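Grab the structure, turn it around a bit, and work through the exercises below. Each one sets a task and then walks through a solution.

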Amino acid sequence: MAAFNLSRPGPSTFILAGISGLEAAHVWISIPFSMFYIIGLLGNVMVLFVVGKEQTLHKPMYLLICMLALTDIATSTSVMPKALCIFWFNLNGITVGGCLTQMFLLHAVSVMQSAILVAMAFDRYVAICKPLRYATIITSARIVKLGLLGLIRAVLFILPLPLLLSRLPFCASNVIHHTYCEHMAIAKMSCGDITVNRMYGLVVAFVVLGLDLLLVAFSYSLITRAVLRISSKKAHQKALNTCIAHICVMLMSCTFFLFSTITHRFGQGIAPHVHIILGNLHFLIPPMLNPIIYGIKTKELRDKMGKYTCRR
């Protein structure tokens, strides 16, 4: 981010105002926010620790779960420490370079997470529709390659956002009415033309992430068709159980993301503090619930996690 041209007219720092309209309640709001963050951090670290320690969990599916855990840690940690500093100590200043870096990390990790969810859907499709070929199609080396491709795609698609913002003139207020640096929140402070920024943001949201959603839906349509053809009720139930955790994670992530994105861009009648709270919950609730969902619905992981927690 240091390579960006930040010498254009405007402030050298931005002010993150926190939750506009609820400044007096910042300390109280910080209590559930900090609890969600700590629970999510501990849960995801626990998943990484258990999978790393247990040789029996060194499988492609658990490698994907670890990738998801890493993105969950990255997103919540990119937002919450600064947000809590605003709530507790009123430390709301952030440099322009720091702001653009935070924005890049948040959006890039979100795109990366979307790619991981697509890979998980493909993993479940192969496990149910082509079980005899699963071991040859889904390998750890192939999962790592898919993860690297997802990372490269995220960087290529998100890098233009801070580059476009760094060219805008900021000659008005330097106050961002949010707890973190979000793309459109920064763009709206500019006194220049932000049409390109607005259009590119929508392209990323609805083309990149929309395409991922279509791929997941297509995978599960094939899975549903395969499951309906199974005559054994026991096998039918087993096949469904292998998908429930991923379906829950996918629905939760998509719901928060789409609702936050749509209300931020088109919900002019919604109070600003609702936008901000929804944006924060998008980076807090899924990271908190994902390790719980996988820990409950994945038997091998549940047993191993139970072994370590009971030992302690």
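Bear in mind throughout that this is a predicted model.

**Exercise 1. Place Ala154 in its helix and decide whether Ala154 is buried or exposed.**

Solution. Start with the element: Ala154 sits in helix α5, residues 140-158. Next, look at accessibility. The relative accessible area of Ala154 is 1%, and the cut-off for buried is under 20%, so Ala154 is buried. Now ask what touches Ala154. Setting aside residues within four places in sequence, the contacts are Ala108, Val111 and Met112. Take Met112 as one of them: 42 residues separate Met112 from Ala154 in sequence, yet their C-alpha atoms are 5.6 Å apart in space.

**Exercise 2. Work out how α3 and α5 pack: what is the crossing angle, and which residues meet?**

Solution. Helix α3 covers residues 96-129, and its axis comes within 8 Å of the α5 axis. The two axes cross at roughly 140°. An angle has to be over 145 degrees to count as roughly antiparallel, so α3 and α5 are classed as oblique to each other. As for the hand, α3 passes α5 in a right-handed crossing.

Then list the two sides of the contact:

- From α3 come Phe104, His107, Ala108, Val111, Met112, Ser114 and Ala115.
- From α5 come Gly147, Gly150, Leu151, Arg153, Ala154, Val155 and Ile158.

Sorted by class, the residues of this α3–α5 contact are nine nonpolar, four polar and one charged. Ala154 from the previous exercise is among the α5 residues here.

**Exercise 3. Do the same for α2 and α11: how are the two helices oriented, and what makes the contact?**

Solution. Helix α2 runs over residues 60-89 and helix α11 over residues 285-297. Their axes come within 9 Å and cross at roughly 155°. That is over 145 degrees, so α2 and α11 are roughly antiparallel to each other. The hand of the α2–α11 crossing is left-handed. On the α2 side the contact uses Ile65, Leu68, Asp72, Thr75 and Ser76, while α11 supplies Pro286, Pro287, Asn290 and Tyr294. By class, five residues of the α2–α11 contact are nonpolar, three polar and one charged.

Zoom in on Ser76, which belongs to α2. Ser76 has a relative accessibility of 5% and so counts as buried. Beyond four places in sequence, Ser76 touches Tyr37, Pro81, Phe283 and Pro287.

**Exercise 4. Build up the sheet: what is the strand order, and which strands stand at the edges?**

Solution. Begin with strand β1, residues 13-16, and strand β2, residues 93-95. β1 and β2 pair in the antiparallel sense, over three bridges. One pair to check is Thr13 in β1, whose bridge partner in β2 is Thr95. Move on to strand β3, residues 175-176: β3 runs parallel to β1, and two bridges join them. Here Ile15 has Val175 of β3 as its bridge partner.

Put the pairings together and you get an open sheet of three strands, ordered β2-β1-β3, with mixed pairing. β2 and β3 are the edge strands, each with a single partner strand, so each has one side left without a neighbour in the sheet.

Now look at the faces of β1. Phe14 and Leu16 point to one face and are buried, whereas Thr13 and Ile15 point to the other and are not. Finally, add a helix: α3 lies across β1, β2 and β3, at about 85° to β2.

**Exercise 5. Compare two residues, Ile223 and Asn90: for each, is the side buried or exposed?**

Solution. Ile223 first. Ile223 is in helix α8, residues 195-228. With a relative accessible area of 3%, Ile223 is buried. Not counting neighbours within four places in sequence, Ile223 is in contact with Ala121, Arg124, Tyr125, Ile128, Cys129 and Cys243. Between Ile223 and Arg124 there are 7.9 Å in space, C-alpha to C-alpha, although the two are 99 residues apart in sequence.

Then Asn90, which is in the loop between α2 and β2. Asn90 has a relative accessible area of 54% and is exposed. Check the backbone as a last step: phi of Asn90 is near 60°, a positive value in a residue other than glycine.

How values were computed:
Residues are numbered from 1 along each chain as its sequence is written. This is a predicted model: local features need pLDDT of at least 70, side-chain atom pairs count only at pLDDT 80 or more; totals for chains, interfaces and linings use all residues. Side-chain values use heavy atoms; hydrogens and water are left out. Axes are lines fitted to C-alpha atoms, for helices over the stretch in contact, and angles run from 0 to 180 degrees between N-to-C directions. Helices (H or I, at least four residues) and strands (E, at least two) are DSSP runs, numbered from the N terminus. Angles under 35 degrees count as roughly parallel, over 145 as roughly antiparallel, 65 to 115 as roughly perpendicular and the rest as oblique. A crossing is left-handed if the near helix is turned anticlockwise from the far one by less than a right angle, and right-handed if clockwise. Contact means heavy atoms within 4.5 Å. Ala, Val, Leu, Ile, Met, Phe, Trp, Tyr, Cys and Pro count as nonpolar, Asp, Glu, Lys and Arg as charged, and the others, Gly among them, as polar. Buried means under 20% relative accessible area, exposed over 50%, partly exposed in between (1.4 Å probe, protein chains only). Two strands pair if DSSP finds at least two bridges between them.
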